Structure formats: C-alpha cells, structure tokens
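Please open the model in the viewer and keep the selection panel at hand. The tour proceeds by successive selections.

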Amino acid sequence: MSSRCSTCREVVSQYVKTQKKEPNLFVDHIDICDLKGKRKHNTQKQLKLREIEIHLSALRNTAGGKIILHVSGTAGDDRYLGCVDEFLEESLNNFLCDGTLFVDTYSRKWLSEIRTFEEFTDCILISVEKTKGVATVDFKTKICSDLKVERPSTLNIVSLLCQRKSSPQKAATLRGLLPNPTESRNIQLKTYRPKDQDKSNIESNPDTFAQYIWEKLRFREYLSCMTKNEDGGSFYLGITEKEKQYQCASPDSTRTYSSFAPEIEGFVLPFSEDDLKNSLLCLIQSHVRILHVDTALEDFPPDLIKFQFHCSKSKGCVLEIAVGYTSGIAFYDEKGPLAYHVKEGEVQRITPDDWLSRVTKTFDDFKGDSSP
Ligand SMILES: [Zn+2]
C-alpha cells in the first residue's frame, strides 16, 4: 500500500466502513503513465506489478478477497479498462494454477460503480477467488525447448516431481569447444558484450563478473533448465551467433537468404580463472537448492557443475560451464519458489515444505473429486 497517497488511505477506510467485511483487502497504487509504459524498460512498472502479484498470490492462497487498484492520473471520463486488463493479464493467468477458468476466478470493475464511491473515479475493484492449489509468483526454476526458456506450469512441476527416470543424478560432462555449436536444450551460447557504462563495474572484481553471468546473462535460468535434461548441458560465454548470408542450394539459383553461424569472439579475463570459478561456485552453492518429492530442500551437489576455460592468444577466452542432470527440481533461490499467503493479518512467503504439500495436494484432490 502506498501510504503516502491520500486517495489510497481514504478509499480503504471508506470501503472497510461501508462494505460487507472482506476476508482480505489490499490497496495498490500505480501511476497511469507507469501502467501504460512498456514493461521491458520501465522498472517502476515492473516493481508495481510485482507488488500486485504478491497480493494476488496471497489472496489466491488464503481465502480470496479484493484488491483496490488506484490508478492515479486516470481522467474521470476515461472508462476504458483494456489497459488495466492488458497490464494484469499474464499475471492473472499465471495464478490459474488449478485449472479453474479465468471467469470463475476474477472480476474487475470501476469502484465508482458502487454507491458512495462515485467520486473515486480512478480506482478499480478486483475480486479474487481462493485456489485449492498454490498460486506461485515465481517458480525460481525454468523449463526450456530448443528455442527458449519458459516459466513452467504447475502441471509441469507435478510431472517433474512424479517422474522417475533411470538415474537420480548424472555428473556434469564438459563438451569442449564444438566445431559448429548450435543452440539447443543442451547448448547455450552467450556473447560477452556488456554496455559501455556497465563494463568497468562488471570487471572490477570476480564477484561482479560472476553476478553478471548469473543474473544478467541468466545462467541461473539455464542451469535450472539443463539439470532437467538427462544429458545435461553446456553454457558457453564468448561464442556469438552471427548473421550470415547463404546462397540457396539449388544449382542454378542466384537467390540468397540469411541465417546464423557460431563465431568465437572470446573475452579478456580480467582476473585469474580460479577466482572467477570460485565466485561462480559461491553463487551457485549459496542460491541453488534441489527439491525431491520426499525430502526437504537439499544443497547443490558439487559434481553437477564443471568449469573449463578455453583460452587462446588470438581469440581470448571462452568459458564453458557444464551442468549435470538431477531427477529433483533445481531452484535458483535458496528459499525455493516464491509464493505468498496471509498469516496473522500479514503477507508472508510460503515455506518450500508448505508449497510442496499444497502442489501435491491439489492433484490428489483433483483426482479424488473427479473419480466416480
Ligand atoms: Zn493511491
């Protein structure tokens, strides 16, 4: 709640006084310009969306309830709700974790449609139903295809927990510098080309360099994906996929088309190989936890990761980080998935144990409800 905003304060106090008691009521504040801005480049918009997601998750995971969204700056005669719908669409859909329909779970309207709230023309009332499952803000683990990395569904998580492959774990294997590497579920190629203004900070010490690989180049996400492949994967820093023109293969053709080819660009390592390796290991060991269906979160097994620097005088260094396979789920957050509930009047993060029992219970319940 934005306590600095007088409208947010007033609207809540009036709602509590005049409306039938809600199990849970939250107020969120966003400026119309942030709501309408492009999400990718607007950190304020991302932060606001995350605040709303935390409240949505808490409502879904507790008893349901209402969110009053104060969109400050909305003109009194602008009654179009499409922008708000678009802003919230992906998040709302992500919280449909139990197969229920959007229309049975959420509704929204201008608060001014309710008697005594006519003057609050810039507030939207969002109603949220409780879930039988667990609405997760961020799973802190990803799944991939050969093209991209994605957010898993709850069903994916259940399937990962239930499936039993032949081996529980396979150690990481280095692939080396392949002659013609192509990106896939097993291979990730990254160029080292930070923005000029960030470069000196990234290269100031091994920890900042490791953090750049971990977060900005999303190694943590690829790691979580690759541990789900039975033959693991390798993440390369210093190889670029460059656009290249090709001539069409038919003998008499003069047509060309563009495609991509790998090229070793390398990078200059500003410190020793061991220093960077240790900083990366430190990040992995402090953040990554493995979840099996019948155990608590476990530490990251050391043999699931291997490092190799392929360095040459002419091309600089390529760093290969090989990742092994585990039948458990690898989370890149030491506290596991990010989900909330309301406990003793406060929004609190759900513990990994609680989260796991809720995930598994959903599907047990579902089977129980639907069987004849
Ligand atoms: Zn406000």
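The stops below go from the whole chain to a sheet and then to a core.

**Whole chain.** Begin with the entire protein chain, bearing in mind that this is a predicted model. Along the principal axes, its C-alpha atoms fill a box of roughly 75 × 50 × 50 Å. Colouring by secondary structure should bring out 11 helices and 20 strands. Of the 372 residues, 34% count as buried. Among contacts between residues at least 6 apart in sequence, 71% join residues at least 24 apart.

**An open sheet.** Next, select strands E5, E19 and E20, which form an open sheet in the order E5-E19-E20 with antiparallel pairing. E5 (136-138) and E20 (346-349) each have a single partner strand and stand at the edges, so one side of each is left without a neighbour in the sheet. From one strand to the next, the twist averages 40°.

Zoom in on E19 (residues 338-343), which is joined to E20 by 4 bridges. One residue pair to display is Lys 343 with its bridge partner in E20, Glu 346. Now add helix H3 (residues 43-60): this helix lies across E5, E19 and E20 and runs at about 60° to E19.

**The largest nonpolar core.** Which residues have the most contacts inside the largest nonpolar core? Select Ile 68, Leu 69, Ile 124, Leu 223 and Val 323; the core itself has 76 residues. Domain 1 (6-137 + 341-370) and domain 2 (141-331) both contribute residues, so this core lies between them.

Finally, centre the view on Ile 68. Leaving aside residues up to four places away in sequence, Ile 68 touches Val 11, Val 12, Tyr 15, Val 27, Leu 111, Cys 123 and Leu 125.

Technical notes. Residues numbered from 1 in each chain as written. Predicted model: local features only at pLDDT ≥ 70, side-chain atom pairs only at ≥ 80, totals over all residues. Pairing = 2+ DSSP bridges. Helix = DSSP H or I, 4+ residues; strand = E, 2+ residues; numbered from the N terminus. Axes fitted to C-alpha atoms, helices over the stretch in contact; angles between N-to-C directions. Contact = placed C-beta atoms within 7 Å. Core = buried A, V, L, I, M, F, W, Y, C linked by C-beta atoms within 7 Å. Buried ≥ 20, exposed ≤ 12 C-beta atoms within 10 Å, placed from the backbone. Domains from an automatic or database assignment.
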